Amino acid sequence: MGIKQVRALTTTLPSVTWIPLARAHAERADEMTAGHRARRATGEKHAIEDFLYDYYGTRPAVLRRWHPGVGAGLSPAPDGLAEHSTWKFYMTYPDGVVTLDQDAYLHARGESVRYIHGLLTATASRPVFSGCFGLHEWAMVYRDPDHRHPLPLRLGLAETDRVVEQHPIRCTHYDAFRFFTPEAVGLNRLQPTRATQVDLDQPGCLHAAMDVHKWATKLGAAVPGALALDCFALASDIRLLDMQASPYDLSSYGHPPVKIETPEGKAEYVARQREFARRAAALRARLIRVCEELMGPEGAARSREAVAPANRR
């Protein structure tokens, strides 16, 4: 906990406002993670939802912790200071208002903030591409009898391979591409790397849209609670489509397939993909504003200038 004399807040919330917000946030988070927490207690696996926790490292206890966001202060409650006063990266003013310590936060995470800002800004600058049809999941099982999920393939291995071979694959997202089977790597029109992620991520990509949850999590205490949960909700919704459009048979979970090997399935996939892109764009813009408030006008301008060449690609 730090004590500072100079206030740099955009808003100060009275306790009658922020206490109900924090309580409602925790309740919403608990509802969103209830299934996972129940399964975790029994060791049960879930081929669709576990991705959100295993791959993204989502922790329900962290997700339910409400933050007011950068620039917002919390007035003392009748029984004392906001509990945030004891949390990492928070400071307390002499009048008891608790807020994010931007100096301490940027000292520890400034490089991450600049990277996230640059990546999100570059992604947001590009048009939506919706011609991938979720084939990244198919490329992850191409010519490989051993699969990541203990689920049968909806079309069988031979027909699944045929779908891959009959469709152009244009995956732009490195964190999907890196799970392609060796035989599928050369079929992709692009060869994404971590170094080219800022150059290639585009707003129609399901994984780039799911990643708003990753970036909100990495920004942590700077992100308002409602935004953090909105990002997690979007990632959850997208993950379902990601698996419905995959080659796996989800009948055991009660979910119908999106048959991207058919014209009707492609049309459904594109329609849902575009809606997710719309939702992600709004959340991405809010995360960009969080970064820019942390960096300040000059820092934000330097970040935008640094990624300007990537934005034009």
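**Close-up views of a buried aspartate and two cavities**

**View 1. D50 is buried yet forms no salt bridge.** In this predicted model, the side chain of opposite charge nearest to D50 is that of R39, at 4.4 Å. A salt bridge is counted only within 4 Å, so the pair D50 and R39 does not qualify. D50 belongs to helix α2, which covers residues 50-54.

**View 2. The side chain of D50 approaches the backbone of H46.** A polar atom of the D50 side chain lies 2.7 Å from the backbone nitrogen of H46.

**View 3. The largest cavity has a volume of about 110 Å³.** Its lining consists of 14 residues, and those closest to the centre are C132, H136, R170, C171 and C205. Two or more lining residues come from each of the helices α5 (135-139) and α10 (206-219). By class, the lining of the largest cavity comprises 8 nonpolar, 5 polar and 1 charged residues. The model holds 2 cavities of 30 Å³ or more.

**View 4. The second largest cavity encloses about 40 Å³ of space.** The residues that line this second cavity are L119, L120, T123, D201, A208, D211, W215 and R284. Helix α4 (102-124) and helix α10 each contribute at least two residues to the lining. The class counts for the lining of the second largest cavity are 4 nonpolar, 1 polar and 3 charged residues.

**View 5. Helix α10 borders both cavities.** Residues 206-219 make up α10, which gives two or more residues to the lining of the largest cavity. For the second largest cavity, α10 supplies at least two lining residues.

Terms used. Residues are numbered from 1 along each chain as its sequence is written. This is a predicted model: local features need pLDDT of at least 70, side-chain atom pairs count only at pLDDT 80 or more; totals for chains, interfaces and linings use all residues. Side-chain values use heavy atoms; hydrogens and water are left out. On a 1 Å grid over the protein atoms alone, a cavity is a set of points where a 1.4 Å probe fits but cannot get out, and a pocket is an open set with protein on both sides within 12 Å along at least five of seven lines; lining residues have an atom within 4 Å of a point. Grid points are joined across faces, edges and corners, and a volume is the space filled by probe spheres set on the points. Helices (H or I, at least four residues) and strands (E, at least two) are DSSP runs, numbered from the N terminus. Ala, Val, Leu, Ile, Met, Phe, Trp, Tyr, Cys and Pro count as nonpolar, Asp, Glu, Lys and Arg as charged, and the others, Gly among them, as polar. Buried means under 20% relative accessible area, exposed over 50%, partly exposed in between (1.4 Å probe, protein chains only). Lys and Arg count as positive and Asp and Glu as negative; His and the chain ends are not counted. A polar contact is a pair of N or O atoms within 3.5 Å; within protein, one must be able to donate a hydrogen and the other to accept it, and residues adjacent in sequence count only if both atoms are side-chain atoms.
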